[in-house]
Amino acid sequence: MNRINVTRSSMPSYEEYCKAIKPIFKSRHLTNMGPLHNEFQKKVGAYLCAENVSLFTNGHLALCIAIRALGLKGEVITTPFTFASTTNAIVDCGLTPVFCDVNPDTYTIDADKIEALITDKTSAIIPVHVYGNVCDVDKIEKIANKHNLKVIYDAAHVFGVKIGDKGIGTFGNISMFSFHATKVFNTIEGGCLTYKDDSLTEKIASLRNFGITNPESVNYVGTNAKMNEFQAAMGICNLRYIDEELVKRKKAEATYRARLENIEGIKLSQIQKGVTKNYAYFPVVFDGYKYNRVEVAEKLSENNIFARKYFYPITNEFSCYKGKYRGETPIAKHISENVLTLPLYAGLTDNEVNLICDIILK
């Protein structure tokens with residue numbers, strides 16, 4: 001049978017992408033905020049319901065620049081249940097991560113445990129929306145306002161998600177979206193920041209372009225994080241199909257839930273009320289099931305199906321961070337040691353989902 005990976009990149013047809021990039025070969029405008037970059041910036045901003053959007057060559061550099069744009073110092077409260085990028089960005093920007101445990105149902109930062117970690121050194125909270133699940137944005141906002149803290153959301157997993165009628169990128173001071181090839185929506189590599197404060201636009205633009213503010217002035221210690229025209233072209237093409245991609249993902253998730261819900265020892269992610277989902281990932285926690293997640297993964301791989309221990313290990317268990325920063329996170333550790341994300345992408349067929357469920361259950 002064909003190999004089934006945990007995810008598969010969405011792409012337009014070869015002909016459609018070639019048509020999109022054809023003008024680049026005439027203009028030779030490859031990067032530095034070209035016409036396709038500017039077109040994509042407007043379209044993706046509208047889709048995300050964002051007041052301001054800035055594009056980047058990848059989400060990691062976007063997150064680093066968000067931290068620098070807000071001038072954060074000292075300690076940042078965050079979660080270890082995330083990809084390496086989140087914690088690496090915090091440390092790379094000279095900040096100290098303080099780890100907060102996660103909610104056992106949504107796997108996002110436990111907002112009820114944040115305040116106990118705040119000190120006079122705390123400058124911000126960097127929560128992570130996980131698997132398409134959203135953080136408790138209202139509670140986090142109240143805590144941030146009470147203690148005069150900035151909030152940057154790692155929104156890598158929640159492209160297109162809404163809470164009520166509000167785009168998820170409209171919460172906090174800044175949100176970072178990843179457009180990596182493995183995400184719901186991709187520009188091959190890429191990312192963006194969304195934010196409300198118009199005054200950040202010039203600084204963010206400068207920071208992503210070596211700190212240059214005009215041809216003869218460099219006012220910031222910046223880097224090179226600009227999105228190029230080929231990435232923007234992929235984004236324009238993929239944005240045309242995102243809604244139908246989400247419908248297909250929703251169908252696959254519904255089949256998973258129908259087969260795996262209410263099975264002893266199998267825990268599925270909580271469905272959040274009032275949230276428009278994007279069906280980014282399908283995590284399953286094997287806790288007390290007749291097989292552990294390693295055994296399930298091995299049985300799937302024998303059938304050319306490849307799930308992922310995602311996230312494992314949690315970032316405060318990395319050898320470069322272990323024991324260096326404060327914060328007890330037993331729930332995050334427990335989930336990381338028992339979770340398996342099953343294959344989920346728009347092209348996954350109902351028969352394939354049922355086959356995966358058959359293997360797990362039998």
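What follows is a friendly conversation about a predicted model and the reasons behind some of the labels used for it.

Colleague: I am new to this structure, so where do its coordinates come from?

Modeller: This is a predicted model, and every value I mention is computed from it.

Colleague: Let's start with the cysteines. How many disulfides does the model have?

Modeller: The count comes to zero. A disulfide is a covalent bond between the sulfur atoms of two cysteines.

Colleague: Why is cysteine 49 not counted in a disulfide with cysteine 192?

Modeller: A disulfide needs two cysteine sulfur atoms within 2.5 Å. The sulfur of cysteine 192 is the closest to that of cysteine 49, yet the two are 12 Å apart, so they are too far for a bond.

Colleague: And what about cysteine 100?

Modeller: Its closest cysteine sulfur belongs to cysteine 135, at 10 Å. With the cut-off at 2.5 Å, that pair is too far for a bond as well.

Colleague: Why is cysteine 100 called buried, while cysteine 49 is called partly exposed?

Modeller: Buried means under 20% relative accessible area, exposed means over 50%, and partly exposed lies in between. Cysteine 100 has a value of 1%, so it is buried. Cysteine 49 has 33%, so it is partly exposed.

Colleague: Where is cysteine 49, and what is notable about its phi?

Modeller: Cysteine 49 is in the loop between helix 2 and strand 1 (52-56). Its phi is near 60°, a positive value in a residue other than glycine. Arginine 28 also has a phi near 60°, and its place is in the loop between helix 1 (14-27) and helix 2 (35-47).

Colleague: Is arginine 28 buried or exposed?

Modeller: Its relative accessible area is 65%, and exposed means over 50%, so arginine 28 is exposed.

Colleague: Now to helix 4. Which of its residues are buried, and what covers them?

Modeller: The buried residues of helix 4 are Ala84, Ser85, Thr86, Thr87, Ala89 and Ile90. Their cover includes helix 3, strand 2 (75-78), strand 3 (96-99), strand 4 (122-126) and strand 5. After helix 4 comes glycine 94, with a positive phi near 85°.

Colleague: What makes threonine 82 a buried residue?

Modeller: Threonine 82 has 3% relative accessibility, and the limit for buried is under 20%, so it counts as buried. You will find it in the loop between strand 2 and helix 4.

Colleague: How do you know that threonine 82 and threonine 86 make a polar contact?

Modeller: Their side chains are joined at 2.7 Å, and the cut-off for a polar contact is within 3.5 Å. Setting aside neighbours within four places in sequence, threonine 82 is in contact with Thr87, Val128, Asp154, Phe311 and Thr315.

Colleague: Phe311 is on that list. What is unusual to look for in the peptide bond before it?

Modeller: A cis peptide bond joins tyrosine 310 and phenylalanine 311, with omega about 15°. The bond from tyrosine 312 to proline 313 is also cis, with omega near -10°. Phenylalanine 311 sits in the loop between helix 9 (293-302) and helix 10 (330-336), and proline 313 is in the loop between helix 9 and helix 10 too.

Colleague: Which residues lie nearest the centre of the largest pocket?

Modeller: They are Phe83, Ser85, Ser178, His180 and Lys183, out of 24 lining residues. The volume of this pocket is about 360 Å³. Helix 3 (59-69), helix 4 (84-92) and strand 8 (174-178) each supply at least two residues of the lining.

Colleague: What makes up that lining by class?

Modeller: There are eight nonpolar, twelve polar and four charged residues.

Colleague: How many cavities does the search find?

Modeller: It finds five of 30 Å³ or more. The largest has a volume of about 60 Å³, and its lining includes Tyr131, Glu253 and Phe282.

Colleague: Finally, why is valine 284 called buried?

Modeller: Valine 284 has 0% relative accessibility, under the 20% limit, so it counts as buried. Its place is in strand 14. Beyond its neighbours within four places in sequence, its contacts include Leu260, Ile266 and Val339.

Conventions. Residues are numbered from 1 along each chain as its sequence is written. This is a predicted model: local features need pLDDT of at least 70, side-chain atom pairs count only at pLDDT 80 or more; totals for chains, interfaces and linings use all residues. Side-chain values use heavy atoms; hydrogens and water are left out. Buried means under 20% relative accessible area, exposed over 50%, partly exposed in between (1.4 Å probe, protein chains only). On a 1 Å grid over the protein atoms alone, a cavity is a set of points where a 1.4 Å probe fits but cannot get out, and a pocket is an open set with protein on both sides within 12 Å along at least five of seven lines; lining residues have an atom within 4 Å of a point. Grid points are joined across faces, edges and corners, and a volume is the space filled by probe spheres set on the points. Helices (H or I, at least four residues) and strands (E, at least two) are DSSP runs, numbered from the N terminus. Ala, Val, Leu, Ile, Met, Phe, Trp, Tyr, Cys and Pro count as nonpolar, Asp, Glu, Lys and Arg as charged, and the others, Gly among them, as polar. Contact means heavy atoms within 4.5 Å. A polar contact is a pair of N or O atoms within 3.5 Å; within protein, one must be able to donate a hydrogen and the other to accept it, and residues adjacent in sequence count only if both atoms are side-chain atoms.
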